[in-house]
Amino acid sequence: MRKIIKSLIMGQKTFMITIALLTLVSALTSMTILTAYRANISQYRSAYRTDKLPDVLVKVDNRDNVTNAIKSLKNVKNVTSKAGIVSQVMGKNDENVALFISNDVSNLNLKLPDNHKIVLSSYLKSNNNFKVGDTFEIGQQRLTVQGFYDDHLLGSPLFKYKQGTVSEETMQVLQSQKGQQKSQLALVNVFGKIKNNNKLLSDYPDRLQADLIYDKDYIQKAYTMLPTIVALVIILAAVFLFGICLFVMRFALLSGIDKDRQKIATFKTLGMTNRQVNLAYVMSYLGSNLVGLFGAVLVSFWTSNLAFKFFWQLNGLTGVQHVPINIIIVSIITLIMVSFSTIIILLSLRPVGSISPAAAFQGSQSKVISSSGHLKLTKSKMPLQITLAFKDYRQKIGHYMTFTLVISLFVFLSLMIMTLNQGFKGKINGLFGLPSVDLIMQTTNDTLRHESLQKINTITPIKSSGYNQETKILLSKDVIPVHRYSQIPDEIKVLSGHQPKQSKDLLLSSNLMKTLHLSVGQTVRVKTATNEQIQMTIVGTYQTINNLGKEAYSLIDIKLPMTTTYINLKKTSNKNSLLTRFSHKNVQLIDTSTSSKNLTMSIQRAVKVLANIILLLTLIISGLFVYLVSYLTIETEKRQIALKKMLGFTNQALRIQYLLRAGFALMLGIVISLILNKFIGSALINSLVSLGGLTKLSVTLPLSYDVFIIALLVCESSLIVLVASQRITKIKIGDFL
């Protein structure tokens, strides 16, 4: 049996190596990503426990100690607070960073820095905003960056505030400066498990004055949303890759059995039963699978740590621990792959039973080859080259159809990922329910407002401007930030209903519509900061991040002060010059255009890397399969090639024949992929982004992308077929005799 297995392996060594490599890549990808993804969650939970981070985080802007007020609430177990200030600082990327600065390190594994120095969240290092030794000013105080630390509380790019820690003396200097408002972060732990986030602090009287309220699940989702999107797409690619591995295995088995008919018949002549021959094939091909799986387990010790480091840094964290291999994940993936491979092998071995011992005394050519041994030249409206190539393609349809399916699956995956990448390109604030605002101007004097707008317009033209207010309402025991605009920004994409037309119209995020079980057209009673009970009508719902979006939009309320003006510029290239040149008494100009830049850039980078990886895999796998099909077909058609040479076909003409055959298979695969992309691509993409935390992704891939991918595949396949068909020149007319 050992010699028989060795004979089968050596006879099909090209396919055996290919199967082992495909199994290795697909298993390695699955093991790596799932291990890293699970480690990302478990490591973050471990860090959350180690740093004793809270169940709920509350930020309040006032000078009264909030500890006693929150501690008296019925669900609160304990509470601590840290006092500080919030200040806007400019990073290297011309990015306005909102820093919460304090000298409290009670929940941080950190020492207080030297005087006039500051330690920042490591996220500000990972996105290249600051490095050690950089300086910036807050009021009249110049601070030098002394170092960085991993902030598991507010370090994610999804959060507005980043933390900075200073010495007690420096903190006193900052607080003594005019205009620095005292803020507090209350770290709250509650009794039992958080079951209903809406009722957590329902008896807190100042809920509508709190700037933000985060709960433990909210923060964890912030650290898992980006890795989730990345992991889902890569796992989908791994599933496609293993599916192609099964295609290759079935193709190799059927081709190998067809090629080794005389060898199998000889085995049977020597007394072997069908069961023994089948067992030899199972052990040979399953052995290739197991070699690939074993290699994947070994390499995943290294790649899992790389992937985990990528996920960890995606959220701005730098302190990465070593991740051990996940035995459960490895076992499940191994079991699934071995099971599917065994099923495919057993289903592909049916032709073995039809081979009789008498075939050992017949010619070595397979049934397929002998049936096509006669060259029929018939009249056709098509050129002779195309006619013959198409006939040969139909005779080898089994070989080429497998190639067609492989191409169609990977081109479909490439088009889908390119569509995902296209959806995250450019201005994608509307995708997250974030308005695009270049500048915010604050003044209480309407005359000064008009004068400032005119002055700004002379420096750089203004595209649009208007009032906006930031308020909160209490709806169904949930505090909702409401952004009130004089004109709702165009970036807010309405999924159903319409934009607000009156001040009591409410545009709710899609997340709130689901979690609060509300619907468009419904009238709700809300409580405002002035303790008013008013009725508002939900007129529409808009696109947002399902995991995190808890906001609403409405029009200006004339009862509230209108001190804030939003400004959008026609060109932002002169914005920095505007900020330095503009000066007006009692008017404050703030750059807010990059408030969502961290989030969008992080996702854009991750999706772009994915798109490039998938495209590279498509080219590698399709190219490998083109070569295998061309090589095997030429090997099994040596007599037919020699016959054609006797009839006057040149080497060049025969190579063109195989090029045309591959072209037929390639074009059919591309057509199938385009059909799949048109009818199920959009639904599959939206399922992925929904699992990752987004509501919907509506984007059409430009025709140029389709043309680019198709042209790239055609060029690559043509070159590979020409390389593989070089073997034709070595086939002599004597091979037919």
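Student: In this predicted model, is Phe 130 buried or exposed?

Tutor: Look at the relative accessible area of Phe 130, which is 5%. Buried means under 20%. The value falls under that cut-off, so Phe 130 is buried.

Student: Which residue forms an aromatic pair with Phe 130?

Tutor: The ring centres in this pair are 5.4 Å apart. Rings pair if their centres lie within 6.5 Å. The planes meet at 55°, and the pair is tilted. The partner has a relative accessibility of 6% and counts as buried. That partner is Phe 136.

Student: How are the rings of Phe 308 and Trp 312 arranged: stacked, edge-to-face or tilted?

Tutor: Their centres are 5.2 Å apart. Their planes stand at 35°. Stacked needs under 30 degrees and edge-to-face needs over 60. The angle fits neither, so the pair is tilted.

Student: Where do Phe 308 and Trp 312 lie?

Tutor: The two residues are 4 residues apart, about one turn of the helix. Phe 308 is buried at 1% relative accessible area, and Trp 312 is buried at 4%. Both lie in helix H8.

Student: Why is Leu 306 called partly exposed?

Tutor: Leu 306 is also in helix H8, which covers residues 274-314. Buried means under 20% and exposed means over 50%, with partly exposed in between. Leu 306 falls in between because its relative accessible area is 43%.

Student: What is the area of the nonpolar surface patch that includes Leu 306?

Tutor: Leu 306 shares this patch with Phe 294, Leu 298, Val 299, Phe 301 and Trp 302. Together they make a nonpolar surface patch of about 630 Å².

Student: How far apart are the end C-alpha atoms of residues 278-303?

Tutor: An unreviewed UniProt entry lists residues 278-303 among its "transmembrane region" stretches. In the model, this stretch is 100% helix and 0% strand. Its end C-alpha atoms are apart by 36 Å.

Student: What about the end C-alpha atoms of residues 705-724?

Tutor: The same UniProt record also lists residues 705-724 as "transmembrane region". The chain there is 100% helix and 0% strand. Its end C-alpha atoms are apart by 29 Å.

Student: Which residues do ring pairs link into a cluster?

Tutor: The structure holds 6 aromatic pairs. Ring pairs join several Tyr residues into a cluster. Its members are Tyr 485, Tyr 542, Tyr 553 and Tyr 566.

Student: Which residue lies over the face of Tyr 467?

Tutor: A charge over a ring must be within 6 Å of the ring centre. Here the distance is 4.2 Å. The residue is Arg 449.

Technical notes:
Residues numbered from 1 in each chain as written. Predicted model: local features only at pLDDT ≥ 70, side-chain atom pairs only at ≥ 80, totals over all residues. Heavy atoms only, no water. Patch = residues over 30% accessible without salt bridge, like charges linked within 9 Å, V, L, I, M, F, W, Y side chains within 5 Å. Areas by Shrake-Rupley, 256 points an atom, 1.4 Å probe, with all protein chains shown as cover. Salt bridge = Lys/Arg side-chain N within 4 Å of Asp/Glu carboxyl O. Buried < 20%, exposed > 50% of the residue type's maximum accessible area, 1.4 Å probe, protein only. UniProt positions renumbered as here; feature names shortened; annotations may be inferred. Lys NZ or Arg CZ within 6 Å of the ring centre and 35° of its normal.
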